[in-house]
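Visitor: I'd like a close look at one single part of this model, please. Pick a spot, walk me through it slowly, and then tell me what goes on around it.

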Amino acid sequence: MTFAIRMIRAEAAGPRGEAQRHVDRLHGQVQADVEALRERIGVNAQAHREQVRSSSEWLRGRVGDTAESLRAEMCGRLDAPRSEVAARLAEIGERAETLDREGPAPSIRVMERPSRS
């Protein structure tokens, strides 16, 4: 190799070597930044999971309380009609017993409708 070629290579290696060192430093910095972001995302994700879990538990409790309240209200609203039905059934039962004591029930004949022919 001639002296001129070696000189050109040496001159080219200088800037290229400096550029490579600069690229290596940037690459290391980017890797460190990426790792820091991964850790930060992990911490944020864990905090978010805990917040969602807490909110879900609170909401489950509220839904359970609301369901129990509605169940109690509906049972209360159904008690009056239930009592009415029970009273009417008792009344019907008493009337049926009275009719049985008084004698046989009258026979009921079903009347046929006259034909229109």
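Guide: Let's start at aspartate 100, which is exposed because its relative accessible area is 64% (exposed means over 50%, buried means under 20%, and partly exposed is in between, using a 1.4 Å probe and protein chains only). Before we go on: this is a predicted model, where local features need pLDDT of at least 70 and side-chain atom pairs count only at pLDDT 80 or more, while totals for chains, interfaces and linings use all residues. Residues are numbered from 1 along each chain as its sequence is written, and side-chain values use heavy atoms, leaving out hydrogens and water.

Aspartate 100 sits in helix H1, which covers residues 3-102. A helix here is a DSSP run of H or I with at least four residues, a strand is a run of E with at least two, and both are numbered from the N terminus. The protein chain has one helix and zero strands. Of its 117 residues, buried ones make up just 1%. The accessible surface of the chain adds up to about 11400 Å², and carbon and sulfur atoms own 58% of that. These areas come from the Shrake-Rupley method with a 1.4 Å probe, and for residues, only the protein chains shown count as cover.

Back to our spot: Asp100 joins Glu91, Glu94 and Glu97 in a negative surface patch. Patches are built from residues with over 30% relative accessible area and no salt bridge, joining like charges within 9 Å and nonpolar side chains (Val, Leu, Ile, Met, Phe, Trp, Tyr) within 5 Å. Asp and Glu count as negative, Lys and Arg as positive, and His and the chain ends are not counted. Each charge is placed at CG of Asp, CD of Glu, NZ of Lys or CZ of Arg.

There's also a nonpolar surface patch, made of Trp58, Leu59 and Val63, with about 340 Å² of accessible area together. Leucine 59 is in helix H1 too, and it counts as partly exposed because its relative accessibility is 46%.

What about charges that pair up? Side chains of opposite charge can pair when their charged atoms come close. The cut-off for a salt bridge is a side-chain nitrogen of Lys or Arg within 4 Å of a carboxyl oxygen of Asp or Glu. By that rule, the count is four salt bridges.

One of them links arginine 38 to glutamate 35, with the closest N and O atoms 3.7 Å apart. Both lie in helix H1, three residues apart, or about one turn of the helix. Arginine 38 is exposed at 56%, whereas glutamate 35 is partly exposed at 38%.

Another joins arginine 71 and glutamate 68, at 2.6 Å from N to O. This pair is also in helix H1, three residues apart. Arginine 71 is partly exposed at 47%, and glutamate 68 is partly exposed at 46%.

Then there's arginine 77 with glutamate 73, meeting at 2.8 Å, N to O. These two are four residues apart in helix H1, about one turn. Arginine 77 is exposed at 55%, while glutamate 73 is partly exposed at 37%.
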